[in-house]
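User: Please go through this model with me. I want each label set against its cut-off.

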Amino acid sequence: MASYRKGPKVIAFTMPSTNTHIGIIGSGIIGLLSALTLTDAGYKVTIVARDLPGDESQDWASPWAGVSIFPHPDAGGNSLQTENFKYFWALAHRDPTSGVQVIKATEHYDDREDDSTIWYKTVVPHYRLIPQEKLPKGVKLGFTYTSMTINPAFFLPWIQTQLKAHGVTFIRRTLRSIQEAKKITGTEYIVHASGLGAYTLADDKNVEAIRGQTMFVKTDFNELKMHQGSHYTYVIPRMFTNGAIIGGVSQPGSLDRNVDQALRADILKRVNMLTDGGLRSVDLDRDVEKDIVAFRPGRKGGYRLEAEADIVHAYGFAGLGYIFSYGVALKVRELVDSVVEKGRLPRSHL
């Protein structure tokens, strides 16, 4: 049985001088947790972003995510996902006002015969396979474990408050370039976590919006469940709300901001198949408090997490930003340490 009550593993980093100043582009989940790891290491941090915690614009993804901490079996970055799971597990037990909740999780797959690809079965607490005879029709693999959900309406302002207490400055600005961020923040080093903004700021034409549509519904259903394979369906109870997020779809390249009315009924039908009728009492006209259309920051070929001269790039995590976030933030800190140390080395004049 896995246990993380003592908190995430402590990773040793070289402490920078206290006057080393880092600018971060983006105040989504990657940018915010990168600020946390950097301030923990003694850096001074300024975040510059078009959207800030509390904003409800469709133009950024972090406030609209489910959020479930379902590690992903096929996305890679297993160590990043593991560190992230440990961080949120510790936070859920340390401070429930953060909006992080421990909950039973169930996953169903119809695209694999066994759990040989489920690498995180040795990471998550209380992992149990569901006997084949107890799985719904068409489901080939199912298992349960203990995981977490996050309510971003609480978590994003909570982490912003923590960061401000550690001296992080927030500047609202729409940027035209990464160099502009250096001028605004007065920093030599930048962490670039702009999500979809990387299409322009990093001139990365692999960046792609992935449309998602979900609903927040009133329900007392209190289990985290997901189906993957031939369809992508989930129900995510949302802490403090007496409701849940149900979904969903993944539509790469679609920029349609309107609610697809036909999709609403399809989502509810799939969710009831997933939950064995657990939301059969939900009425689309009466119980849907909010329809949500938002755009995940995807990237063809996978996420980008690397240093380029004095810039550390961290974007392209699509719908897995929260699942990777703290692990990515630890890697960002490691990359920043390397970049700053390299910048201190004497340069040859030959």
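User: Where does Val 67 lie?

Analyst: Val 67 sits in the loop between strand 2 and helix 2. Helices (H or I, at least four residues) and strands (E, at least two) are DSSP runs, numbered from the N terminus. The model is predicted: local features need pLDDT of at least 70, side-chain atom pairs count only at pLDDT 80 or more, and totals for chains, interfaces and linings use all residues. Residues are numbered from 1 along each chain as its sequence is written, and side-chain values use heavy atoms, with hydrogens and water left out.

User: What kind of peptide bond joins Gly 66 and Val 67?

Analyst: A cis bond, with omega at about -5°. Most peptide bonds are trans. Gly 247 and Gly 248 are also joined by a cis bond, with omega about 10°. Gly 248 belongs to the loop between strand 11 (243-247) and strand 12 (251-252).

User: What makes the phi of Asp 276 stand out?

Analyst: Its sign. Phi is positive, about 55°, although Asp 276 is not a glycine. Most residues other than glycine have a negative phi. Asp 276 is placed in the loop between helix 6 (261-274) and strand 13 (288-299).

User: Why are helix 2 and helix 7 called roughly perpendicular?

Analyst: They pack at about 105°, with axes 7 Å apart. Axes are lines fitted to C-alpha atoms, for helices over the stretch in contact, and angles run from 0 to 180 degrees between N-to-C directions. Under 35 degrees counts as roughly parallel, over 145 as roughly antiparallel, 65 to 115 as roughly perpendicular and the rest as oblique. Helix 2 and helix 7 are therefore roughly perpendicular. Contact means heavy atoms within 4.5 Å. Helix 2 residues in this contact include Leu 80, Tyr 87 and Phe 88, and those of helix 7 include Tyr 322, Phe 324 and Leu 330. The residues of the contact of helix 2 with helix 7 divide into nine nonpolar, four polar and two charged. Ala, Val, Leu, Ile, Met, Phe, Trp, Tyr, Cys and Pro count as nonpolar, Asp, Glu, Lys and Arg as charged, and the others, Gly among them, as polar.

User: How are helix 1 and helix 7 oriented to each other?

Analyst: The axes of helix 1 (residues 29-40) and helix 7 (residues 321-344) come within 8 Å and cross at roughly 40°. The pair is therefore oblique. In this contact, Leu 33 and Leu 36 are among the helix 1 residues, and Val 328 and Val 332 among those of helix 7.

User: How do you know that Phe 85 and Trp 89 are stacked rather than tilted or edge-to-face?

Analyst: Their centres are 6.2 Å apart, with 15° between the planes. Rings of Phe, Tyr and Trp (its six-membered ring) pair if their centres lie within 6.5 Å; planes under 30 degrees apart count as stacked, over 60 as edge-to-face and the rest as tilted. Both values for Phe 85 and Trp 89 fit, so the pair is stacked. Both residues lie in helix 2 (residues 78-94), four residues apart, about one turn of the helix.

User: What makes strand 6 and strand 14 the edges of the sheet?

Analyst: The open sheet has six strands in the order 6-2-1-7-15-14, with mixed pairing. Two strands pair if DSSP finds at least two bridges between them. Strand 6 (169-172) and strand 14 (304-308) each have a single partner strand, so one side of each lacks a neighbour in the sheet. Strand 1 (residues 21-25) and strand 2 (residues 44-49) pair in the parallel sense over five bridges.
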